Amino acid sequence: MNKEILFKIFRPLSPIYGGMMKLREMAYQSSILPVSRMEVPVISVGNLSMGGTGKTPLVIYLAGLMKKLSLKPAVISRGYKGRASSKVNLVSDGKTIFLSAEDCGDEPRLMAEKLPGIPVLTGKKRKYPCRYAIDKLGCNSLILDDAFQHLGVKRDLDLVLFNADSLAQDMRVFPGGELREGFSALKRCDAIVFTGEVDKYLAEIKSFMQKLEDLAISRPHFSARPGVPLICNFKTGQPEGELKGRVAAFCGIGNPERFRQYLVGTGLELAGFRAFPDHHRYKDGDIAALENMAEKHGADYLLTTEKDRVKLHGRKFNLHIKYLSFELELGEGFDSLVRQRLELFRQS
């Protein structure tokens with residue numbers, strides 16, 4: 001059944017779910033539910049809406065920034081869809097990667113590959129991998145991935161992401177819409193980061209921020225733009241020429257349309273496109289279908305995302321396959337905010 005139809009059916013339940021999330025928030029704020037305070041600075045990256053907003057690239061950006069600032073950060077994730085279920089699952093100690101994408105989840109594995117020298121851990125209750133990173137790995141800063149609703153660990157900088165291209169949608173709380181919580185939850189955050197085609201949706205961003213002002217929520221906001229893309233060899237991970245030719249693309253990410261639109265915007269000749277569900281586990285039949293699509297439409301090669309690459313380790317393709325990689329660009333204003341919060345923690 002269409003998602004929008006389901007939202008309309010269950011819309012009467014949205015106030016109930018929203019009220020439960022508000023009561024949960026109040027329970028943490030009043031110490032009815034325990035909140036762990038770490039002795040190192042903690043930065044949280046999360047979102048108010050369901051689905052992909054670009055959290056993983058921002059976590060990678062922050063980890064690189066903190067490393068440049070002579071810190072030793074660790075990335076802490078829930079490990080969504082991963083099979084590992086211990087209190088602490090060590091994905092990487094910064095030197096060796098121990099867990100596959102199937103065990104730890106797509107995003108933690110990707111971050112472990114992209115962040116040499118930076119430990120990555122997962123655990124359903126974040127306080128346990130946080131303590132392990134500090135006590136066992138000697139980390140002096142933490143980044144919580146997808147943690148805006150995980151209130152059991154106190155944070156020193158709380159960042160919330162929004163897709164710029166979805167701001168005009170009718171946002172309602174689950175199960176009547178895409179929001180995990182009501183907009184009042186944004187009073188907890190310290191800054192908002194817009195992702196996606198931000199330059200195309202400047203008017204929508206301005207209108208959205210005005211809506212928050214009307215709700216007495218005034219927060220600084222930043223735009224995360226993709227840098228120069230790299231087209232990389234699927235096996236070696238090395239850059240491989242320019243983004244050109246006739247391609248058949250596929251992905252299994254939270255926002256597949258963004259990937260498709262990006263490819264179209266580059267002027268690339270998109271011969272075919274297939275979107276799988278987020279966190280999809282590829283099977284032999286999927287690979288055969290993708291290769292058939294590419295051959296049917298005369299594609300020069302298959303193209304996918306860096307996140308999908310980690311889910312396809314060990315899979316054999318008969319056709320040439322590449323993946324797209326890029327780093328975020330956020331600007332000095334965002335970096336200054338991070339440095340300021342880290343300095344405030346040091347002085348406290």
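Start by selecting Asp286, Ile287, Leu290, Glu291, Met293 and Ala294 in helix α9: these residues are buried, where buried means under 20% relative accessible area, exposed over 50% and partly exposed in between, with a 1.4 Å probe and protein chains only. Look down the axis of α9 and you will find its buried residues within an arc of 155°, so they line one face of the helix; the arc is that of the directions from the helix axis to the C-beta atoms.

Before moving on, a word about the model. It is a predicted one, in which local features need pLDDT of at least 70 and side-chain atom pairs count only at pLDDT 80 or more, while totals for chains, interfaces and linings use all residues. Residues are numbered from 1 along each chain as its sequence is written, and side-chain values use heavy atoms, with hydrogens and water left out. Helices (H or I, at least four residues) and strands (E, at least two) are DSSP runs, numbered from the N terminus.

**Stop 1: around α9**

Keep α9 (residues 284-296) on screen. Its 13 residues should span 18 Å at 1.5 Å a residue, and the end C-alpha atoms are 18 Å apart, which agrees. The expected span of a helix is taken as 1.5 Å times one less than its number of residues.

Now add β11 (246-251), β12 (269-275) and β13 (301-305), against which the buried residues of α9 pack; contact here means heavy atoms within 4.5 Å. Turn the helix round to its other face, and you meet the exposed residues Asp284, Glu295 and Lys296. Following the chain past α9 brings you to Gly298, which has a positive phi near 65°.

**Stop 2: Lys322**

Next, select Lys322 in strand β14 (residues 321-325). Is Lys322 buried or exposed? With 11% relative accessibility, Lys322 counts as buried. Show its contacts, leaving aside neighbours within four places in sequence: Ile231, Cys232, Phe234, Glu240, Tyr301, Leu302, Leu303 and Thr304.

**Stop 3: α7**

Move to helix α7 (residues 202-214). This helix has 13 residues and reaches 19 Å from its first C-alpha to its last, close to the 18 Å expected at 1.5 Å a residue. Colour Ile205, Phe208, Met209 and Leu212, the buried residues here. They cover an arc of only 95° around the axis, which puts them on the same side of α7.

What covers these buried residues of α7? Among the covering elements are β6, β7 and β8. On the face turned away from the buried side, pick out the exposed residues Ala203, Lys206 and Asp214. Just after α7, check the backbone of Ala216, where phi is positive at about 65°.

From there, step over to Ser223 in strand β8. Ser223 has a relative accessible area of 17% and is buried. Beyond its neighbours within four places in sequence, Ser223 is in contact with Phe194, Val198, Glu329 and Leu330.

**Stop 4: α3 against α11**

Display helix α3 (residues 55-68) together with helix α11 (residues 332-347). They pack at an angle of about 65°, with their axes 11 Å apart; axes are lines fitted to C-alpha atoms, for helices over the stretch in contact, and angles run from 0 to 180 degrees between N-to-C directions. To see the contact itself, select Leu58, Tyr61, Leu62 and Leu65 on α3, with Phe334, Asp335 and Val338 on α11.

Stay with α11 for its buried residues: Phe334, Asp335, Leu337, Val338, Leu342 and Phe345. Their arc around the axis is only 160°, which puts them on the same side of α11. The elements covering them include β1 (42-47), α3, β6 (157-163), β7 (191-195) and β8 (221-223).

**Stop 5: Val42 and Lys81**

Strand β1 is also home to Val42. Val42 is buried, with a relative accessible area of 0%. Draw a C-alpha to C-alpha distance from Val42 to Leu142: they are 100 residues apart in sequence and 4.8 Å apart in space. With neighbours within four places in sequence set aside, the contacts of Val42 include Leu142, Leu144, Val153 and Leu157.

Finish at Lys81, in the loop between β2 (73-77) and β3 (89-92). Lys81 touches Glu102, His279 and Arg281, not counting residues up to four places away in sequence. A last distance to draw runs from Lys81 to His280: 199 residues separate them in sequence, and 9.5 Å in space, C-alpha to C-alpha.
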